[in-house]
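Student: I have a structure to read and do not know where to begin. Could we go through it one feature at a time?

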Amino acid sequence: MSLPSPWTPDPDEWRELLAGEPAYRARQLWQGLYEQGLAPSELSTLPAALRHRLDEVVRPSLHLEREQRDPADGTVKWLWGTEDGVALETVLMPYRDRVTVCVSSQAGCAMACGFCATGQAGYQRNLSVGEILEQVVAARAAAAPRRLSNIVFMGMGEPFANYDRVLTAVRRIVGDLGIGARHVTVSTIGLVPGIDRFAAEGLQVGLAVSLHAANDELRSELVPVNRRHPIAEVVAASRRFREQTGRRVSFEWAMIDGVNDRPGDADELAVVAADARAHVNLIPLNPTPGWPTTGSPAGRIADFARRLTDRGINVTVRANRGTGIDAACGQLAAGHQPETPVTVGPRRRRPRAATQVGGLRAPPASGPSIL
Ligand code: SF4
């Protein structure tokens, strides 16, 4: 049975694990985990016997299977494996003014969006709090000497389908890893109950809604969950989120050639974005082998953006990052063949035997990128 990640227990659970130790050990341990990004076995402030004892009950969950770097823009993508044989991905994106990490909340995804490599591959399981946080801790170490400034939950999985663990991870990112709530964004495919619940948490975290189409017929084709939560409900929930938190929602729109990039699509989007007072992010779609179409050409994206702007909508065209390294979410996992692992971030040693690597399940097809 896999041991839990050291980044999973909360302070009360740590106090129980440290039963019999002086009270200050819990504080030392928490500081080591969150300020230094070190596992208990690496903490020289703890006595060797305690380090050994803790290594029997908690152990880092993610081991690096593969790392890809795009020399063109500095994007780094990691494929992680876990002891129970699932694969998940994290992408680190350095920009001139910030360093952003895109983390996964689930291994695979059950939402089955057709244009998405992760959706094509299917669902494996929810990630634990520790598995989510280990991605952030690794990214922080890899970003150094620059400061990791932004966290986006836009990797594999639907964050609100793993609500409680994502919320705990977000609270620790803000409270213990010191990243401002306004620099954290959770992206949902439009799970309305999750949006409403998240709005009531009293956080200043941003919300991105992956819309991709502004009429129900097309959206249900691209995003099957639209049949359960149609556009009018998603837009109303986005409006409520804004009213309750004061934070602007952004609508994510993967630009798909000939599918959702026509003038009429822009006009429909302008109406719902105005209704929700949402910002629009246009994302050139990274091509995926399991989806027959491609991203829109640059000229059409520019025309689409202009049409929205003319209708009073705030628009950003997101730079397409990491196209040289299969940066579309789920693509690396899809194309993965087990190979010699390398080390990155806080992992100074590989926690499990190489036989675990062979057990890594590679999802069958490849898929989105709303990265
Ligand atoms: S686009 Fe997001 S919600 Fe849809 S299948 Fe992919 S990871 Fe899941």
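Student: Which residues of strand 10 are buried on one side, and which on the other?

Tutor: This is a predicted model. In it, one side of strand 10 carries Val249, Phe251, Trp253 and Met255, and the other side carries Ser250, Glu252 and Ala254; all of them are buried, and both faces are covered. Since 7 of the 7 residues are buried, strand 10 is largely enclosed by the rest of the structure.

Student: Which strands pair with strand 10, and in what sense?

Tutor: Look at the bridges. Strand 9 (residues 206-210) runs parallel to strand 10 and is joined to it by 4 bridges. Strand 11 also pairs with strand 10 in the parallel sense, over 6 bridges. Glu252 serves as a marker for both pairings: it is the bridge partner of Ser210, and it stands opposite Asn281 in strand 11.

Student: How should I check the length of helix 10?

Tutor: Compare the expected span with the distance between its ends. Helix 10 covers residues 263-276, and at 1.5 Å a residue its 14 residues should span 20 Å; the end C-alpha atoms are 20 Å apart, so the two agree. Just after the helix, Arg277 has a positive phi of about 50 degrees.

Student: What do the buried residues of helix 10 pack against?

Tutor: First, the residues themselves: Asp265, Ala266, Leu269, Ala270, Val272, Ala273 and Ala276 are buried. The buried residues of this helix pack against helix 9 (231-245), strand 10 (249-255), strand 11 (279-284) and helix 11 (298-310). Take Ala273 as a case: leaving aside neighbours within four places in sequence, Ala273 is in contact with Phe251, Ala278, Val280 and Ile313.

Student: Which residues touch the most other members of the largest nonpolar core?

Tutor: The general idea is that nonpolar side chains in soluble globular proteins tend to be buried together. Here the largest nonpolar core has 96 residues, and Val136, Trp253, Met255, Leu269, Ala273 and Val280 touch the most other members. Helix 5 (residues 129-143) gives the most to this core, with 8 residues. Domain 1 (1-59) and domain 2 (63-333) both contribute residues, so the core lies between them.

Student: How many residues of strand 3 are buried, and how does strand 3 pair?

Tutor: Strand 3 covers residues 87-94, and 7 of its 8 residues are buried, so the rest of the structure largely encloses it. Its pairing with strand 2 (residues 76-81) is antiparallel, over 6 bridges, and Val76 stands opposite Leu92. The hairpin of these two strands has 5 residues between them, and there Gly85 takes a positive phi near 85 degrees. Strand 3 also runs antiparallel to strand 4 (residues 99-102), with 4 bridges joining them; Val91 stands opposite Cys102. A hairpin of 4 residues connects strand 3 to strand 4.

Student: Where does Ala110 lie, and is Ala110 buried or partly exposed?

Tutor: Count the neighbours. Ala110 has 14 C-beta neighbours inside 10 Å, so it counts as partly exposed. Ala110 lies in the loop between strand 5 (106-108) and helix 4 (117-121). Not counting residues up to four places away in sequence, Ala110 touches Tyr123 and Ala161. Ala110 and Gly122 are 12 residues apart in sequence, with their C-alpha atoms 5.6 Å apart in space.

Student: Where does pLDDT stay under 50?

Tutor: Over residues 334-371, for which the model has 129 contacts beyond four places in sequence. For the protein, the mean pLDDT is 87, and 85% of the residues reach 70 or more.

Methods: Residues are numbered from 1 along each chain as its sequence is written. This is a predicted model: local features need pLDDT of at least 70, side-chain atom pairs count only at pLDDT 80 or more; totals for chains, interfaces and linings use all residues. The expected span of a helix is 1.5 Å times one less than its number of residues. A residue is buried if 20 or more other C-beta atoms lie within 10 Å of its own, exposed if 12 or fewer, and partly exposed in between; C-beta atoms are placed from the backbone. Two residues are in contact if their C-beta atoms, placed from the backbone, lie within 7 Å. Two strands pair if DSSP finds at least two bridges between them. pLDDT is the predictor's confidence in each residue, from 0 to 100. A nonpolar core is a set of buried Ala, Val, Leu, Ile, Met, Phe, Trp, Tyr and Cys residues joined through C-beta atoms within 7 Å. Domain bounds come from an automatic or database domain assignment.
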